[in-house]
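The following paragraphs guide the reader through selected features of one protein model. Please keep the sequence and the structure in view while reading.

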Amino acid sequence: MKRIYIIFLVLSFLFSCTKEKESPKNSVITDKIKLETLVPVSLFGYGIQFAGRVLHLNDEVVKEHGFIVKYKVDFNQFDSIYVKIDKTIASGDNVQTLKESPLPKFQDEYSVKYVIKTASNIYSGTFVNFKTPDIRVDSDEEMTLIPGSRVNIKGDFTKVDESYKLSYAGEDIQETAIHFEILGSNRDMLTFTVPKLYHGDFVRFVLFNRYDNKNVVAIGFIKGEISGLNQYEYYFDENLSFTSNAVKQNIKGVLFFIVGNKYIPLNYAYPISDVLAGLKGNSFRVGYYNGQDTIFFPKKLSLRPVTDDAFVIKDFNAHPMQDVSVNTYLLTRFTPELKTNYSIGGKLAKLYRYWNGNDVLTIGDVADGAYSVNIKSDYVDFNTTKKINIKKLQVTSVSPAEIYHGEPIILKGNFIDGQTYTIDDNDEQQSYGVARNGQIQIYPYGRTVSTYEIKRIGYKRNLENYAWIDASFKVNFKRPTFTGFSPASGNSQTAIRFYGKGIGAGMVFLGNEYLSFNNYGEGWAELYLPSYIRPGFYKFSIFYQNSWLTVDQVYEHKWN
């Protein structure tokens, strides 16, 4: 069987071993470099790891460092070997790992000390004693370990008694003792439960006794598992969640969540909007990759279908290119707001959303018909159940043919009740009318033309702009009448009301002083005299279409 040795992620060394009959010759030893010898660790009963700790380094150039291992060859005779450390010296632990132990097989007790050679000195730690391992493990293969699972290790554990303990440790993992058992009539199996660790942790399991003889019996990486999603159907604004073992944030190993063809770094808060970014559809395969295997769950992740209450239509009648009132408060539960398109009758529509739910949809130049609103994004393609009836604005009649200025003009057609329409006329002014029962009324006050002509009719689109249709309807203004005014006296704060049919169409003169009407109504118009008009008695006259209208009344103007 292929044998692989890894104790820590950072420890993978070649080894060298040379035999010496004598220890290196000592020179003057000072305490400038401080060091200590650590107890060696047996590796599966075959290899060995020597370790020394540098407590302080000075400016001396270290030529080499390593271990002197001493053992008894006769009653009073000792021999030794020197094991050199290949790696450059550093503060902290310095180790040399030997896949096969170089120690003689006929001995079981040894002493070792850590030495450092500089150009002028040799520094030595004290000797520590250790024994050859009492166990043998059949395999030194690196294992894949799942927390909570049972591990069975084959080997020779006949000398393992109640004085032995099993512990685990690793990088950033404190050494901790765990329960173990020796099984089999020949005591050839050691078994234990993998403790609660996390994906990517590299850990070693060590048997040791009261003499502190340490024996590595297993090494491996912890492998996390994701057993499945907590649910498989989501709204677009929810967070994806899952059930896992040995998984946490900021793990050391490779672990990616897979949605569709996306590999996503592990995180416990997965907004669906982020998970699905760049993907298309409403159903996606889902699983994970743990650095070795790719696992897909049997069920797919799917988005909940759009419901009618996500797009509530308030106006069911409209003209082409008109604004209609809608409520889309719940829509972002199903689709991203900024990446969703809307259309009616195959023409693009524009949605304007507001915090109070009074949203507006501007429809395109659509032919007459009844249409659903189509909502489309990378994740949805939905048509509303309810439809909007669209019909081009048509004016069937304008009446009466003649009016006095200030009297209403009635436009009949397929005006939509409640909608406000704007009228452009030949006097370059605008009138506004709210539709009731399919018709609107307008009051063209202050016009100077003798014939009033409707040039075009508009309605709101894109909130601030208008959609217009051309028109050509004419209404003649009758010559106004002037029957009088009231009150008979007042000051600059007094509203003077002039009476007569269509009187608002005329120009008011006070002698040679031109005045403007401030307010209009059917059969009357009002104005205020300027403050610079001197007190006195005055007569008013009204000029209209090259002729004058007068009355015999006299107005008294006062200071107060």
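**Salt bridges, a pocket and three single residues**

Glutamate 181 has a relative accessibility of 35% and therefore counts as partly exposed, since that class covers values between 20% and 50%. The model in which this residue is seen is a predicted one. Arginine 150 is likewise assigned to the partly exposed class, its relative accessible area being 41%. These two residues form a salt bridge, in which the closest N and O atoms are 3.0 Å apart. The pair links distant parts of the chain, for glutamate 181 belongs to strand β15 (residues 181-183) and arginine 150 to strand β12 (residues 150-156), 31 residues apart.

Side chains of opposite charge can pair when their charged atoms come close. How many salt bridges does a search of the whole structure find? The search yields 12.

Another of these pairs consists of aspartate 237 and arginine 333, whose closest N and O atoms are 3.4 Å apart. Aspartate 237 is located in the loop between β20 (233-234) and β21 (239-240), and arginine 333 in the loop between β32 (323-327) and β33 (341-344); the salt bridge therefore ties together parts that are 96 residues apart in sequence. With a relative accessibility of 44%, aspartate 237 counts as partly exposed. Arginine 333 is also partly exposed, at a relative accessible area of 28%.

The loop between β32 and β33 also holds glutamate 337, which is paired with arginine 353 in the loop between β34 (347-352) and β35 (359-362); this pair links distant parts of the chain, 16 residues apart. Their side chains meet in a salt bridge with an N to O distance of 3.3 Å. Arginine 353 is partly exposed, with 28% relative accessible area, and glutamate 337 is partly exposed with 41%. Elsewhere, salt bridges that share partners join Glu36, Arg53 and Asp93 into one network.

The next feature is a pocket. The second largest pocket contains about 350 Å³ of space. Its lining is made up of 25 residues, and those nearest its centre are Gly45, Ser101, Thr132, Pro133 and Arg136. Which strand gives the most to this lining? It is β2, with 4 residues. At least two lining residues come from each of β2 (34-43), β3 (47-56), β9 (128-131) and β18 (214-222). By kind, the lining comprises 11 nonpolar, 8 polar and 6 charged residues.

Three single residues complete the account. Arginine 447 is situated in the loop between β45 (439-442) and β46 (451-461). Is this arginine buried or exposed? Arginine 447 has a relative accessible area of 3% and is therefore buried, the limit for that class being under 20%. Apart from residues up to four places away in sequence, arginine 447 touches His405, Asp425, Asp427, Gln429, Gln430, Ser431, Tyr452, Phe477 and Ala505. With one of these, glutamine 429, arginine 447 makes a polar contact between side chains at 3.4 Å.

Alanine 90 occupies a place in the loop between β5 (78-84) and β6 (92-98). Its relative accessibility is 35%, so alanine 90 counts as partly exposed. When residues up to four places away in sequence are not counted, alanine 90 touches Val54 and Leu57. From alanine 90 to leucine 55 the C-alpha to C-alpha distance is 9.6 Å, and the two are 35 residues apart in sequence.

Glutamate 513 belongs to strand β52 (residues 513-515) and is partly exposed, with a relative accessible area of 28%. Which residues does glutamate 513 contact, leaving aside its neighbours within four places in sequence? They are Val508, Tyr532 and Ile533. With tyrosine 532, glutamate 513 makes a polar contact from side chain to side chain, at 2.6 Å. As for isoleucine 533, its C-alpha atom is separated by 9.4 Å from that of glutamate 513, and the two residues are 20 residues apart along the chain.

Definitions and conventions: Residues are numbered from 1 along each chain as its sequence is written. This is a predicted model: local features need pLDDT of at least 70, side-chain atom pairs count only at pLDDT 80 or more; totals for chains, interfaces and linings use all residues. Side-chain values use heavy atoms; hydrogens and water are left out. On a 1 Å grid over the protein atoms alone, a cavity is a set of points where a 1.4 Å probe fits but cannot get out, and a pocket is an open set with protein on both sides within 12 Å along at least five of seven lines; lining residues have an atom within 4 Å of a point. Grid points are joined across faces, edges and corners, and a volume is the space filled by probe spheres set on the points. Ala, Val, Leu, Ile, Met, Phe, Trp, Tyr, Cys and Pro count as nonpolar, Asp, Glu, Lys and Arg as charged, and the others, Gly among them, as polar. A salt bridge is a side-chain nitrogen of Lys or Arg within 4 Å of a carboxyl oxygen of Asp or Glu. Buried means under 20% relative accessible area, exposed over 50%, partly exposed in between (1.4 Å probe, protein chains only). A polar contact is a pair of N or O atoms within 3.5 Å; within protein, one must be able to donate a hydrogen and the other to accept it, and residues adjacent in sequence count only if both atoms are side-chain atoms. Contact means heavy atoms within 4.5 Å.
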